[in-house]
Amino acid sequence: MRAHLSPACVSSILTQVMRVKEGRSFTVKQFHRLLGLMAATSNGKLSLRAVHIPGYLNIGADFLSRQGPRPGEWMLHPSVMKQIWRIFGQAQVDLFATQMNAQCPLLFSLHHPAPLGLGAMVQTWPRLRLYAYREFWREASSSSPVLAGPNLVLGPDIPPRRLSLGNSRQVGSTLTGRGRNSPPLPGAMEVMGVAPQGAQLIASGLTTERIFPHIHTGMTKRTASLQLLLLVVHGVLVPASAQVCSLLGQPALPSLSAERDINIGAIFSIHRNALLKMHNYTSKPDPTTCASLNLREFKFAQALIFAIEEINNSTQLLPDISLGYKIYDSCRSFAQTILSGMALMNGYEDTLSDTSCIRPQAVQAIVGDSASSSTIGLASVVGPFSLPVISHFATCACLSDRKRYPSFFRTISSDYYQSRALAQLVKHFGWTWVGTVRSRNDYGNNGIAAFEEAAKEEGVCIEYSEAILNNDPQEQFLKTLEVIKKGTTRVVLAFIALGDFLPLLKVILQHNITGIQWVGSESWITSRTLAETKDSSFLSGAVGFAIANANIMGLREFLVNVHPDQEPKNQLLKEFWETIFQCSIRNSDSNGCTGLERLAELQNEYTDVSELRIVNKVYTAVYAVAYTLHNLLKDFRLSTNSSKKERPIPQMVLKYMRDVRFTVKTGEEIFFDERGDPVARYDLVNWQPAEDGHLQFEHVGLYDSSLPSKQRLQVNQEHILWAEKSGQLPVSVCSETCPPGTRKAVRKDQPVCCYDCIPCAEGEISNVTDSSDCSPCDLEYWSNERKDRCELKVVEFLSYTEIMGMVFCIFSFIGVLLTAMVYFLFYLHKGTSIVRANNSELSFLLLFSLSLCFLCSLTFIGRPTEWSCMLRHTTFGVTFVLCISCVLGKTIVVLMAFKATLPGSNVMKWFGPAQQRLSVVSLTLVQVIICVVWLTISPPFPYMNLNYYREKIILECNLGSAIGFWAVLGYTGLLSIMCFVLAFLARKLPDNFNEAKFITFSMLIFCAVWLTFIPAYVSSPGKFTVAVQIFAILASSFGLLFCIFAPKCYIILLKPEKNNKKQMMRK
């Protein structure tokens, strides 16, 4: 069978080696079969090539059995990797890996989308250190001859010998080792690095202890050999005397170039698409073919050339130094961008000589790329070599990570600032309910992620977030359209690249979707091509942030002077000419190009210089490199005192670029922060219809991140035209605005922007719209009826102006009036028996004290003050004690009088008028002393009671000392009880007019009133407490007045015949 092997068959078998890592299905038998096949092909001088045939069998089994391979499988232990990196150096590219087990920043993968694609074995490698991991099962005692071929050298235990690797740029050394317990154990293949120029590699058997001293094999007196495998990819082994390598692949050539003293590289997506080709691996692949010329990117390239020519003509910047350029076309292809970056680092010679590895970089900096995703790959590849990459249009915030992209700069602002500016803009217009559509790449994903974070801080909610790409199937665009149609929001943020936006707009136009207020990112918001399309009228009213516009003098003249005759062999210029004039240079018929066409007569995206927003960033990037080189060379010449044209090294260029600061001709000051970003400045533009029916960009505001946070966004809202040519600001909210006096209550399982408006509770207010919470009023304030303002609480006290106060005043004055009438009546009849009975002085003093009792009730009415609080309680206590003392004196007089009628009794001389007066004064003095002590220690004071009612304040007199109050009340009660007891004992004395009986009734009423007063006083709220006390005062006073004096007044006025001593003494 071996005699009839074809290269294709061998290639398929060899592919199994590449499948070991992903499959783990490689047995010992298969391995020996593979060795035999490779030996046969070597003897037969057959060429071996690796054909990548993706195999999913084992990965599929993993998914069926345990939902996929586990992270960390199929890779060496980290401690082992540290030993490998220490010995061989850190690798940059993992040739055969997945996202789960890659050991390097860049990787190729057979089954998973990877930054560098799928084909590791078909790349033309630069001077990179490579790494690969493979398993080989073999017997411990097996040995095989060295297998040699034009593309592969394999050996098990290679004795010390010299293998000349020439100048091959892809050389790897492979270490395979044995395990611990059984002979057929897996090993690892590390494809490490590129041999230095003309290096001689000594291949010999190595022990595990030598390479991995921390690993024990556990085998008695035997060390497992590490098998050395040399893999040469796309190189040819030549004799050791020759030191030249030839390039097997096609060289990557620039689309536009002019090499001079110092060169600047550039990568633009001059074509929109790279045509995919299927390679048969039987011949060299043709160079990548690109289609659909992009006039905007071609304009970027010409702007770069214009800036370089302007610098070369300057006598102030880089004098005696001529700048050149190498411009590559990435064709919007990730692989082409990486390939172009590698070519800019290494050059594109067909052969490599002894001086190739020691020469300086082909360029000192790279300008580009336009897309964020491709720029991420470019910055990852050239970053380890300290080659500056300065982008004019890559806005992904992820590129600000200095650890991952140490050599990346940009002249355009990061999407971090644009996303926050868009969130502030949406909030400024009151749009709290928006939808988003993004590009499904780094630009869109990172931009919307930053927007969502900022929108959450601003209180803006996102109803839906759709992701699309220009090469998505039609069904995906229809699905996105259906989501937009079903959405309740009328504002859609399109954070999307122009190329991805165009297919969606076509679908929207076909379904006649209107009424949407579009908010755009800088990628498409100033696209002249899109604005001049007749079918894009539904985008009228769109607003968004754009890069600040600029005016570059002389650029239009330079652009319109581009002609294919300037470089007759340049195919790009010919394609440009044919595209822009819709003619053919190759044909001489009616559709042929004459060469006399004039660009100045055209008005299109290429010749238009009214919108140079991104072009200015290309122009600025070139000047950033030029000023960096100028400062570097100036310092170098000063330090070395030499005028030679020295070439700077990339590390120095990178160092000086971090500190560069200059002002371009447009007046803009350029410098980079610690992340390589410039100051974020945006123009707010609004799409408004022009007279010719097209859309034009109106400047309606700006955003400047260097200003204070509240001043960054400035909007001229009166100049904005909204969607459907409306002058009315669109409303896009999930819930209507909650008016003042209400708060937002978020609906269950819905975003925070969807809520119900709940009225504030009593005593709480919200004086702004869309308040999240109601604020409680201060203690002295209460909410009004609308719950939008706190008003002073109603201060409640017993006032003279209210009905209750008036009633009490009337009764108080009636009591005083009646007391005065009785007083005058008694005074007029003071000589009669009934007045003189029981000591008329006490009667007059009792009437006087009763009048004071009636009047003291007035002190409880009105606004409490410090004096009124002290007066009301003390006057009450003193006057009532005075009143009760008089009654008590009269009661004692009655008892003494009865005792005096007994034979031999001499009692009256002990309780005569003097003693009666003294008793009244003494008893009253005790109350006065109690009141004085009370007022001295802790007097009553006005107090605003905020606890009893929430909605009003009770203004009352605080007792100060409760002991003092109850002492006054208790002493009064004690006298009342004594008086009641004595009167009760004397109620049946044998007199015709027994005053003790009336005193008993009066004391009974007095005690009943004050006994009921205590619970009523304690339980009554607010002013009713005072009312209860006034009522008790008036009731007890009227009780004393009527019970004691009414019978006497009756006799004086109606029964005067009984008003004599005889009638009084009659039993």
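The following questions and answers concern the cysteines of this predicted model.

User: How many disulfides does the model hold when cysteine sulfur atoms within 2.5 Å are counted as a pair?

Analyst: The rule applied here takes a disulfide to be a pair of cysteine sulfur atoms within 2.5 Å. Among the pairs that satisfy it is Cys760 with Cys774, whose S to S distance is 1.9 Å. By this rule the count for the predicted model comes to nine disulfides.

User: Is the disulfide of Cys760 and Cys774 left-handed or right-handed?

Analyst: Cys760 and Cys774 are joined with an S to S distance of 1.9 Å. The torsion about their S-S bond is about -80°, and the disulfide is therefore left-handed.

User: How many residues apart in sequence are the parts that Cys760 and Cys774 tie together?

Analyst: Cys760 belongs to the loop between strand S32 (755-759) and strand S33 (764-765), while Cys774 belongs to the loop between S33 and strand S34 (775-776). Both ends are buried, Cys760 at 6% relative accessibility and Cys774 with a relative accessible area of 10%. Because the two cysteines sit in these two loops, the pair ties together parts whose separation in sequence is 14 residues.

User: Which cysteine of the pair Cys777 and Cys790 is partly exposed?

Analyst: A disulfide with an S to S distance of 1.9 Å joins Cys777 to Cys790, and with -85° about the S-S bond this link is left-handed. Cys777 lies in the loop between S34 and strand S35 (781-783), whereas Cys790 lies in strand S36 (residues 790-792). At 14% relative accessibility Cys777 counts as buried. A relative accessible area of 25% falls between the limits of 20% and 50%, so the partly exposed cysteine is Cys790.

User: Which helix and which strand does the disulfide of Cys869 and Cys957 tie together?

Analyst: The sulfurs of Cys869 and Cys957 are joined at 1.9 Å, and the link is left-handed, with -80° about the S-S bond. Cys869 is buried with a relative accessible area of 0%, and Cys957 is buried with 12%. The pair ties together parts that are 88 residues apart in sequence, because Cys869 lies in helix H21 (residues 866-900) and Cys957 in strand S39 (residues 952-958).

User: What is the distance from the sulfur of Cys1007 to the closest cysteine sulfur?

Analyst: Cys1007 is buried, with a relative accessible area of 17%. The cysteine sulfur closest to that of Cys1007 is in Cys979, and a bond is ruled out because the separation is too far, at 8.5 Å.

Terms used
Residues numbered from 1 in each chain as written. Predicted model: local features only at pLDDT ≥ 70, side-chain atom pairs only at ≥ 80, totals over all residues. Heavy atoms only, no water. Helix = DSSP H or I, 4+ residues; strand = E, 2+ residues; numbered from the N terminus. Buried < 20%, exposed > 50% of the residue type's maximum accessible area, 1.4 Å probe, protein only.
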